[in-house]
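Subject: Structure handover

Hi,

Here's the structure I promised to pass on. Have a look at it first, and my notes on what turned up are underneath.

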Amino acid sequence: MTKSNAPVSRRKLVQGAALTSAALVVGAPPAAAADGSTATAPAPTADGTEPLDFTEGSAAMEPDRTVTSACQFCNANCSLSVDVRADRVIAVRSGADDPVQNGNICVKAPMMAELTHNPLRLTHPLIRTGGRKGSEDSTFRRATWDEALDVIARRLLALRDKGEAASVANRTTGRLPRGAGSLVARLFALLGSPNNTDVGPVCNDAGGNALKATFGLGNFTNGYGTDGATGKDDLGSADYYLLLGTNQAETHPVTFDYLLRGRARTGARLVVVDPRRTATAAVADDWIAPKPHTDLALALGMLHHILDQGLHDREFVRRWVLGFDELKAHMAASRYTPEWAAAVTGVPAATIRRTARDYARARSAALFCNAGISHQLGAFDTYRVLTFLAAVTGNIGKLGAGCNFMHNTWPGDLHLPALTVRTPDPGQALPVGPDYFAQSVLTGRPYRLKALITQGNPLISSANTEKVKEAYRRLDFYVYTGLFMEEAAHYADVILPVSSPLEYDGVYMRRDDRAIRWQQAAVPRCGESRPDWEIWIDLAHALGRNDRRKGAAYWTDAFPPAWKDYSVLWAEFVRHTPGMGGMTERRLRGRTEPLRWPCPTPRHPGVSALYQDHPSWYAAAVSLGGAPGQRFLTPSGKIEIFTRSLDRNLAVAGHRALPDFYTHPEVTGAHPTLAYEKRFVTSPVNPQALTHPVRLGVRGDGAVHRDYPLMGMTGRPGVAHFATVTHWTPTGARLNGIRFLQIHPATARRLGIDDRDEVVVESPRGRVTATALYWPGIREDTVFVPNTFGPAQRLAEELGGTRYEAVNALVDDQYYDNLSGQQAYKCFACRVTRKPS
């Protein structure tokens with residue numbers, strides 16, 4: 001592999017001639033790595049010289065300036081050097097000198113410019129003038145920002161003045177610039193609504209919830225690259241990688257390449273658990289393919305074997321683990337042997353025993369999980385058992401180990417100065433999970449949602465899409481903010497155009513390991529678009545000029561106009577957020593590597609491995625509220641597997657501190673499942689919200705599989721796409737504009753389906769179309785249907801493709817993790833037939 005740690009010259013502009021190690025192992029074609037990553041330096045010619053770059057010396061192609069930015073399509077957080085000529089991006093290259101990035105970027109990085117220079121961008125505020133909500137025949141007129149914001153402000157204040165502030169909700173998304181969510185929370189506190197939700201239930205809240213319950217913080221525990229406190233490599237130094245439900249080669253290609261380089265040095269074993277053979281599984285030493293939605297059984301089987309065979313780390317458990325005796329007794333009394341787990345998962349008992357033994361005996365073993373675990377009915381409990389595996393084997397609080405559960409957001413808000421006015425009592429939030437919004441609109445339980453603002457595309461990401469569409473049609477008032485006229489925009493009363501990431505200064509965080517970069521604006525904003533944090537500050541001022549009850553100062557004093565300068569806003573966050581005292585703009589701008597939170601002082605190196613027995617961690621822990629010398633930020637100061645308090649709290653919602661097995665009722669085999677009660681209780685994991693308690697262990701009958709014999713899973717189409725936004729770029733539409741249904745050839749032939757046939761996928765909720773793709777690397781009882789496609793995506797059709805209905809029309813919103821709110825996208829009963837010609 002060509003190394004690229006030297007400064008990048010114009011001669012090295014061409015991408016794609018050199019492959020990453022991940023691509024070389026997979027055997028990708030020369031121009032593109034299978035994991036999507038590319039190296040900036042072209043391969044040398046036969047005589048050892050570099051090939052010419054024929055743009056060098058060009059009057060038109062020499063940049064006026066080069067700015068430093070960050071790619072925001074995934075959590076790899078790649079540094080970018082963006083060349084600009086006449087306010088147009090002419091090149092996007094890897095930033096230099098980051099040893100994790102190693103000169104790599106993936107296929108998505110240049111697509112950042114395609115978001116910026118895109119004829120489909122929303123450029124002005126719009127107000128609805130006619131048409132049925134949701135219809136492409138909906139009509140809108142151009143409005144000024146003040147006019148649009150005044151319309152929103154008057155509608156929100158009218159609801160507040162009627163005592164219905166709680167009927168106003170906001171749904172954020174991962175695309176928000178860092179800190180915008182804190183401004184949303186501030187405005188909702190002043191309004192008096194509790195229903196400001198984040199992207200977590202659609203993304204990966206459950207992992208963070210479980211980590212917090214066990215260790216004290218809801219964050220990815222270890223870091224990519226060098227640990228600043230010790231000067232040693234962190235995750236690249238592991239000698240065992242266990243990846244469950246995460247396809248990092250396609251979802252986090254550049255950081256995955258870093259792991260593979262570490263693996264090449266250490267000889268680490270790589271084990272991938274996934275019902276289908278992904279690009280990640282293709283480079284693994286061992287691919288384990290359990291039945292969908294049975295990872296909890298696999299984890300319990302591994303844990304049983306470790307404890308039964310005495311493979312746990314006795315000294316670490318003695319010093320740092322609370323509740324081990326209760327766990328050991330629970331597992332000894334259970335039937336959760338590897339043989340039992342084999343019957344549930346379809347994975348041989350010998351494989352489960354070997355995996356448990358190898359994990360427990362490794363010098364340092366790193367667990368990685370992503371949406372494959374989060375998007376399950378028992379996500380919180382599954383993650384909890386995985387934290388037990390790390391805890392009892394001593395794989396926490398040390399380099400090259402940990403529970404690296406993807407996509408955890410910042411722990412709590414980025415803090416701003418305290419409000420100086422008395423705010424209303426917000427009352428109880430709607431039940432956890434954004435898909436409950438539809439239930440609230442349609443049924444009025446526990447109360448009716450009337451006004452909604454979104455920063456994402458709920459008509460693609462929400463489960464049971466047809467039901468969600470009907471709810472959005474019935475909403476009294478809906479505000480869509482976004483880059484394009486996506487599906488949700490057609491339901492809006494007001495549309496607000498947002499700026500793309502290359503159009504503003506700010507920070508971007510690799511939420512995985514808490515690593516933060518500063519990014520510079522490369523080009524002017526598109527049309528009259530504004531970045532999200534400015535929109536919320538301006539909305540606060542619109543509320544001020546329209547509020548006859550509380551007056552303007554109530555709003556405007558809380559949202560100083562100076563905060564519209566992100567440098568000023570970031571300085572406020574640094575001053576007021578625990579653990580951030582060393583993360584100044586000046587320091588971030590001066591680094592080629594990102595800086596990891598927590599970082600309490602200007603001289604602190606930042607924390608790579610949380611809970612490490614090292615002075616740098618103890619200093620950071622104190623800044624987060626820990627006592628001097630406290631290692632774990634739990635009430636006891638230890639890892640909490642079982643406490644009576646935790647057990648009582650979880651019991652309110654039908655769970656216990658020591659989980660038992662259950663799964664989705666649409667998993668084949670009639671396994672133990674659950675039933676939801678009609679009443680509401682306060683969520684023990686998200687105490688600001690309500691939830692339905694459950695009864696666990698209800699026997700499933702498998703009746704649904706008489707008509708729908710297969711199990712379906714959803715997930716990202718491939719490395720070219722991130723959420724829905726990449727479908728609006730020419731590259732995304734060209735590279736992956738077809739929805740390929742991955743189906744085992746034996747299953748397809750039994751159903752009379754040929755490779756590349758057009759097919760219909762049906763579940764008890766709805767139907768979608770796709771193109772069959774024979775894929776021997778998937779279980780015969782399972783099909784994989786990519787998500788993120790939607791009917792508003794025009795580019796695919798213009799390239800001769802199809803506008804697809806959202807795949808979540810197949811998914812049942814009734815079944816969700818009642819602790820974290822996670823939706824169960826990873827299993828639904830379905831059938832597949834050839835599409836009639």
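Threonine 724 sits in the loop that runs between strand S27 (710-715) and helix H24 (730-735). Bear in mind as you read that this is a predicted model. With a relative accessible area of 10%, threonine 724 comes in under the 20% cut-off, so it counts as buried. Its side chain makes a polar contact with the side chain of glutamate 486, at 2.7 Å. Once residues up to four places away in sequence are set aside, threonine 724 touches Asn457, Ile460, Glu486, Thr788 and Gln793.

A few other spots I looked at in the same way:

- Glutamine 101 is in the loop between strand S4 (88-94) and strand S5 (104-106). Its relative accessibility is 2%, so it is buried. Not counting neighbours within four places in sequence, glutamine 101 has contacts with Cys78, Ser79, Ser94, Gly95, Val254 and Arg517.
- Glycine 582 belongs to the loop between helix H20 (566-576) and helix H21 (585-589). This glycine 582 is buried too, at 2% relative accessible area. From C-alpha to C-alpha, glycine 582 and histidine 604 are 6.6 Å apart in space, with their positions 22 residues apart in sequence. Leaving out neighbours within four places, the contacts of glycine 582 are Arg587, Leu595, Cys599, Pro600, Thr601 and Pro602.
- Phenylalanine 828 is in strand S32 (residues 828-834), and its relative accessible area is 0%, so it is buried. Proline 665 is 163 residues away from phenylalanine 828 in sequence, yet their C-alpha atoms are 8.8 Å apart. Beyond the four places either way in sequence, the contacts of phenylalanine 828 include Glu666, Leu710, Met711, Gly712, Ser763, Arg765, Val785 and Leu810.

Now the aromatics. How many aromatic pairs does a search of the whole structure find? The count is 28. Take the pair of phenylalanine 215 and phenylalanine 632: the ring centres are 6.4 Å apart and the planes meet at 35°, so this pair is tilted. Phenylalanine 215 is in helix H5 (205-215), while phenylalanine 632 is in the loop between helix H22 (615-623) and strand S22 (639-640), so this pair links distant parts of the chain, 417 residues apart. Phenylalanine 215 has 0% relative accessibility and counts as buried. Phenylalanine 632 is likewise buried, with a relative accessible area of 0%.

Phenylalanine 632 also pairs with tryptophan 320. Here the ring centres are 5.8 Å apart and the planes are at 65°, which is over the 60 degree cut-off, so the pair is edge-to-face. Tryptophan 320 is in helix H9 (residues 314-320) and phenylalanine 632 is in the loop between H22 and S22, so this pair ties together parts that are 312 residues apart in sequence. Both tryptophan 320 and phenylalanine 632 are buried. Tryptophan 320 has a charged partner as well: arginine 631 lies over its face, at 4.7 Å from the ring centre.

Elsewhere, ring pairs join Tyr504, Trp518, Trp533, Tyr566, Trp570 and Phe573 into a cluster. There is also a lysine over a ring: the charged end of lysine 550 sits over tyrosine 554, 4.9 Å from the ring centre.

Finally, the overall picture. The protein chain has 26 helices and 32 strands. What radius of gyration would a compact globule of 837 residues have? It would be near 28 Å, and the protein chain has 26 Å, so the value agrees with the globule rule. Along the principal axes, the C-alpha trace spans about 75 × 70 × 70 Å.

Of the 837 residues in the protein chain, 65% are buried. The accessible surface comes to about 28300 Å², and 51% of that belongs to carbon and sulfur atoms. As for contacts between residues at least 6 apart in sequence, 72% of them join residues at least 24 apart.

Cheers

Key: Residues are numbered from 1 along each chain as its sequence is written. This is a predicted model: local features need pLDDT of at least 70, side-chain atom pairs count only at pLDDT 80 or more; totals for chains, interfaces and linings use all residues. Side-chain values use heavy atoms; hydrogens and water are left out. Rings of Phe, Tyr and Trp (its six-membered ring) pair if their centres lie within 6.5 Å; planes under 30 degrees apart count as stacked, over 60 as edge-to-face and the rest as tilted. Helices (H or I, at least four residues) and strands (E, at least two) are DSSP runs, numbered from the N terminus. Buried means under 20% relative accessible area, exposed over 50%, partly exposed in between (1.4 Å probe, protein chains only). A charge sits over a ring if NZ of Lys or CZ of Arg is within 6 Å of the ring centre and within 35 degrees of the ring normal. The radius of gyration is taken over C-alpha atoms; the globule rule is 2.2 Å times the number of residues to the power 0.38. Contact means heavy atoms within 4.5 Å. Accessible areas come from the Shrake-Rupley method with a 1.4 Å probe; for residues, only the protein chains shown count as cover. A polar contact is a pair of N or O atoms within 3.5 Å; within protein, one must be able to donate a hydrogen and the other to accept it, and residues adjacent in sequence count only if both atoms are side-chain atoms.
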